[in-house]
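Hello,

I am handing over the structure below. My notes on it follow.

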Amino acid sequence: VNFFLGFLGVVAVIMVIYGGVTYVTAAGKDDAIGNAKKIITYSLVGIVIILISFALVNTILGAGSAA
């Protein structure tokens with residue numbers, strides 16, 4: 001599970017970088033800028049969800065192994 005969450009974290013960071021490159025190369029086009037902002041926003045939300053699930057999984061696994 002930790003490997004899978006780490007992999008998803010890497011994918012989310014790559015998507016943030018892709019969104020940033022798209023934003024920089026948008027050249028003032030409103031639709032491209034809006035698309036880049038969506039990519040960045042959704043990627044950051046994904047990173048937050050991944051971090052919360054990582055903490056939750058490790059807490060549950062830690063509590064299960066201590067019992």
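**What was found**

Helix H1 covers residues 2-24, which is 23 residues. From the first C-alpha of H1 to its last is 33 Å, close to the 33 Å expected at 1.5 Å a residue. Please keep in mind that this is a predicted model.

Several residues of H1 are buried: Leu 5, Gly 9, Ala 12, Gly 19 and Thr 22.

The protein has 2 helices in total and 0 strands. Its radius of gyration is 16 Å, while the globule rule gives 11 Å for 67 residues; the value is well over the rule, so the protein is more spread out than a compact globule. The C-alpha trace spans about 60 × 15 × 10 Å along the principal axes.

The second helix, H2, runs over residues 30-66, and Ser 43 lies in it. Ser 43 has a relative accessible area of 8%, so it counts as buried, the cut-off being under 20%. Leaving aside residues up to four places away in sequence, Ser 43 touches Ala 12, Met 15 and Val 16. These three partners fall within the range of H1, residues 2-24, and one of them, Ala 12, is itself buried.

For the protein as a whole, contacts with a separation of 6 or more come to 61% from residues 24 or more positions apart. Buried residues are 18% of the 67. The exposed area is about 4,900 Å², and carbon and sulfur atoms supply 77% of that area.

Regards

Technical notes. Residues numbered from 1 in each chain as written. Predicted model: local features only at pLDDT ≥ 70, side-chain atom pairs only at ≥ 80, totals over all residues. Heavy atoms only, no water. Helix = DSSP H or I, 4+ residues; strand = E, 2+ residues; numbered from the N terminus. Rg over C-alpha atoms; globule rule 2.2 N^0.38 Å. Buried < 20%, exposed > 50% of the residue type's maximum accessible area, 1.4 Å probe, protein only. Contact = heavy atoms within 4.5 Å. Areas by Shrake-Rupley, 256 points an atom, 1.4 Å probe, with all protein chains shown as cover. Expected span 1.5 Å × (residues − 1).
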